[in-house]
Amino acid sequence: MPVLQRPEAEARAQMLDVHRYEIALDLTHGDEEFTSRTVIHFTAREPGDTFVEIRPVALHAATLDGRPLDPAALDGNRLPLTALTAGPHELRLDATMGYSRTGEGMHRFTDPADGEQYVYTQLFMDDIQRVFGAFDQPDLKAVFELTATAPPAWTVLANGRTEQLPDGTWRAAATPRISTYLVAVAAGPWHSLHTEHAGLPFGLHCRRSLAPHLDADAEELFDLTRRCYDRYHEIFDEPYPFDSYDQAFVPEFNAGAMENPGLVTFRDEFVFRSAVTDTERQTRGMVIAHEMAHMWFGDLVTLQWWDDIWLNESFAEYMGYQVLSEATRFTDTWTDFAIARKGWGYDADQRPSTHPVAPAPDDVPDTASALLNFDGISYAKGASALRQLVAWMGEKDFLAGINDHFARHRFGNATLADFIDSLARATDRDVHAWAERWLRTTGVDTLTPTVAEDAGTWHLDIAHTGSRPHRIAVGAYAPDPDHPDRLTLRDRFDVDIPADGHPTRHTFPKAAPALVVLNDGDLSYAKVRFDAASWETAARALSGLPDPLTRAVVWNAARDLVRDGELAPTAYLDAARDHLPHETDLAIVQGVLAFARTQIADRYLPPEARRTALTTLTSLSRDILRRTEGPGHGPEAGLRLTAVRAFIAGATGPETLQEWLDDGSVPGGPALDHELRWRILARLATLGATPLAALHEAIDAELARDPSATGQEGAARCRAALPDPAAKQAAWDALFTTDTQSELSNYLFTATAGGFWAPEQLDLLRPYAARYFAEVPALAARRGPALAQAAGRYAFPAVLVEEDTLRRGEDCLTEGDPTPALRRALADQLDDLRRALRVRTAAVR
């Protein structure tokens with residue numbers, strides 16, 4: 001299937017002006033297919049040839065200005081439009097389209113809880129062609145008028161307000177000019193809640209089986225939406241540009257959410273069925289704020305080509321965290337960003353697949369390559385760069401530049417150059433030079449301090465490895481005289497570090513502090529190191545630092561030191577054991593435990609050291625449980641839930657877990673909800689300490705107790721986790737089957753793959769590494785980019801940290817002809833594998 005090349009898009013944009021789409025969908029043709037009729041009104045500025053994209057099951061008819069076109073001329077996804085004359089044209093397309101089970105195009109889902117069916121679109125990049133014909137590129141914006149025929153009990157949602165006509169058809173209000181990939185439809189027997197704010201209708205929608213859970217959180221969700229909406233109207237001059245604001249929580253969604261104007265779609269795990277921590281609620285709030293930012297960054301003003309995805313994602317990421325912290329009760333969002341998101345950017349930026357935040361045009365030649373750049377660089381690194389930009393130029397000028405950008409390009413398209421010009425008009429700073437240093441370069445800078453003192457003064461030299469200028473805060477900390485295990489902030493000062501990399505010296509009065517923290521406040525994007533005395537202090541008193549964001553900076557530095565082979569993984573575990581039982585910030589506890597469990601215990605330590613590492617983690621989990629005994633409310637409840645999850649994940653024997661499962665509760669709480677019960681069963685299945693027959697019975701019984709979609713995924717994960725050759729073979733067959741009727745949906749694929757690989761089962765799993773690399777290229781080619789990414793991320797044999805895995809993976813890259821999405825996923829996994837091998841070698845030395 002040909003992908004759109006940038007020169008083709010540029011030529012078509014020069015040739016065409018697209019005015020309006022009239023789209024009619026009929027969703028009443030069964031579980032596999034729907035019909036799509038499209039009328040496109042456009043003008044050719046000059047005579048010539050072009051094409052329209054569509055990927056049908058069958059193209060029944062096509063006419064151009066009333067003249068029939070031959071459907072057999074469809075070449076892959078392209079229907080040629082030849083000998084166009086200059087002037088207005090009308091193209092009509094009549095097709096049957098196929099529903100998706102991979103979260104791409106028009107995804108159809110049957111809820112196992114009640115048998116109800118739902119469909120929704122995810123049309124990002126080039127998947128609109130799976131739903132209707134289009135000139136599918138972001139700079140050919142148009143007005144969209146949509147109607148849909150649906151089963152009688154269904155409600156149809158779309159970008160604009162919808163109404164049901166007397167004949168039962170649903171009609172959506174015409175959109176303003178938007179890009180093709182932003183069109184959205186969601187249809188089914190939704191459970192819907194409505195309110196109004198600032199004269200605008202707001203809606204929340206979910207599957208009927210999730211109705212009680214949405215109702216329980218509706219006021220929180222509406223309140224967050226209202227607060228973010230009001231804050232954006234305080235900082236943006238341009239008002240919200242669409243006629244309604246619906247948020248639909250949809251099943252088996254591949255991303256966190258999608259910024260369709262007027263109809264944001266979210267993965268419906270954000271409708272919480274079970275207990276969650278306040279940090280998880282904050283994450284949901286951030287996603288709400290992130291997607292609302294897109295109404296301006298991406299929807300009102302849209303990138304011209306996919307090399308500028310950072311103009312969408314970096315800004316929405318930055319604004320999501322910033323606005324949530326300013327407008328809601330979640331005031332510590334940047335600590336969560338530092339711990340949960342920033343490492344994503346650092347990791348991506350140190351792989352061979354790294355790219356600039358704003359790649360050069362030639363680096364994004366087509367839509368397939370563009371899809372690969374939706375990663376930690378475009379989100380976390382880009383947001384970090386913007387945070388540094390605000391610190392450098394000032395928030396007032398930054399917002400003035402943004403508002404100038406909106407005013408100049410509203411309902412149009414823009415480039416990096418356009419945006420930088422808008423910023424430059426708002427400040428005396430050399431924003432163009434800043435952009436070249438920060439947005440056009442790759443890699444992570446490193447800042448290393450040297451501390452010395454003499455005659456009542458102390459000196460700080462900062463060595464800079466890298467190419468970017470930095471404005472950072474430096475924190476100087478001293479022991480609290482009343483509490484030796486705590487530290488107090490003695491001084492904090494701003495430092496400008498030039499881009500040239502020469503060490504900079506700063507001299508201060510007093511004796512040297514016990515701890516010097518570079519990038520205190522985390523306003524820049526760089527790895528930081530410590531002088532010897534500072535690291536000794538941090539290792540002893542990290543939990544005694546007064547500010548959680550400072551503690552996050554130190555934990556991130558420790559994480560980087562482990563990944564770079566400069567700190568023993570066991571030293572990180574020791575720090576976690578010493579300090580997490582005293583940590584009060586949920587995001588830090590969750591982030592540190594996740595790294596310690598999934599990276600250090602599972603990958604960076606040799607198998608023979610893993611049991612000791614897990615014992616350390618379960619021991620500190622018990623300490624947190626003892627500390628949080630009592631009424632389960634507020635932060636203590638979140639810490640307790642986090643400790644329970646960590647204990648389950650690290651358990652090396654079944655006894656305690658089986659007791660909890662039998663009792664239906666953890667002693668002292670919490671009671672086991674569906675989520676915790678599935679976690680326990682998955683761990684028991686992995687350990688295999690109970691007879692297999694009993695485990696199968698337990699999984700079946702739990703599925704009967706929880707027959708939801710989440711329950712189906714839990715059962716698939718548990719069955720794949722069993723240390724039994726027959727269970728492994730059945731799971732493998734399900735993952736890699738070529739029977740289209742038996743293919744797993746995207747979520748069931750991920751659940752099965754997630755259960756399959758376990759560090760406890762290396763001997764049983766080792767033969768499957770060769771099978772993976774032999775079979776995964778065909779799977780990716782057959783099932784498309786979403787499943788290719790899932791197969792590369794979740795089905796990869798990451799637990800086999802062995803040279804043989806690396807060799808087989810490299811052979812697959814060179815000889816297996818993987819699709820672009822799979823190639824990128826494999827390349828990243830193999831680089832992480834090389835790093836794990838290096839860390840193990842360094843730890844042995």
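Start by selecting His470 and Ile497: His470 sits in strand E24 (residues 470-480), and Ile497 in strand E25 is its bridge partner. Before going further, keep in mind that you are looking at a predicted model.

**Strand E24 and its partners**

Now widen the selection to residues 470-480 and 483-497. These are E24 and E25, which pair in the antiparallel sense over 11 bridges. Look at where one strand gives way to the next: E24 and E25 form a hairpin with two residues between them. Is E24 covered or open to the outside? Nine of its 11 residues are buried, so the strand is mostly covered.

E24 also pairs with strand E27. Select residues 515-518 to see E27, which runs antiparallel to E24 and is joined to it by four bridges. To find your place in this pairing, pick Val474, which stands opposite Leu518 in E27.

Stay on E25 for one more stop and show the side chains of Arg490 and Asp491. They meet in a salt bridge, 3.4 Å from N to O. Arg490 is partly exposed at 24% relative accessible area, and Asp491 is partly exposed too, at 26%.

**A second hairpin**

Next, select residues 446-454 and 457-465. These are strands E22 and E23, which run antiparallel and are joined by nine bridges. Thr446 is a handy marker, as it stands opposite Thr465 in E23. At the turn, this hairpin has two residues between its strands, and Ala455 takes a positive phi near 50°.

From E23, add residues 504-509 to bring up strand E26. E23 and E26 pair in the antiparallel sense over six bridges, with Thr457 opposite Pro509.

Now click Val451 and then Ala533. How far apart are their C-alpha atoms? They are 8.7 Å apart in space, although 82 residues separate them in sequence. Ala533 belongs to helix H11 (residues 532-541) and is partly exposed, with 42% relative accessibility.

**A five-strand sheet**

Move to residues 191-197, which form strand E15, and 257-258, which form strand E18. They are the edge strands of an open sheet with the order E15-E16-E17-E19-E18 and mixed pairing; each edge strand pairs on one side only. Inside this order, select residues 200-206 and 245-250: strands E16 and E17 run parallel and are joined by four bridges. Leu204 stands opposite Gln247 in E17.

**Charged stops**

The structure holds 70 salt bridges. For one of them, select Glu743 and Arg782, whose side chains meet at 3.3 Å, N to O. Glu743 lies in the loop between helices H21 and H22 and Arg782 in helix H23, so the pair ties together parts that are 39 residues apart in sequence. Glu743 is buried at 17% relative accessible area, whereas Arg782 is partly exposed at 34%.

Then go to helix H25 (residues 803-815), where Arg807 and Asp811 are four residues apart, about one helical turn. Their salt bridge brings the closest N and O atoms to 3.6 Å. Both are partly exposed: Arg807 has 40% relative accessibility and Asp811 has 31%.

For a wider view, select Lys527, Arg529, Asp564, Glu566 and Arg835, which are linked in a network of salt bridges.

Last stop: which residues gather in a patch of negative charge on the surface? Select Glu655, Glu659, Asp662 and Asp663 to see them. Glu655 lies in helix H17 (residues 655-663) and is exposed, with a relative accessible area of 54%.

Terms used:
Residues are numbered from 1 along each chain as its sequence is written. This is a predicted model: local features need pLDDT of at least 70, side-chain atom pairs count only at pLDDT 80 or more; totals for chains, interfaces and linings use all residues. Side-chain values use heavy atoms; hydrogens and water are left out. Patches are made of residues with over 30% relative accessible area and no salt bridge: like charges are joined within 9 Å, nonpolar side chains (Val, Leu, Ile, Met, Phe, Trp, Tyr) within 5 Å. Accessible areas come from the Shrake-Rupley method with a 1.4 Å probe; for residues, only the protein chains shown count as cover. A salt bridge is a side-chain nitrogen of Lys or Arg within 4 Å of a carboxyl oxygen of Asp or Glu. Lys and Arg count as positive and Asp and Glu as negative; His and the chain ends are not counted. The place of a charge is taken as NZ of Lys, CZ of Arg, CG of Asp or CD of Glu. Buried means under 20% relative accessible area, exposed over 50%, partly exposed in between (1.4 Å probe, protein chains only). Two strands pair if DSSP finds at least two bridges between them.
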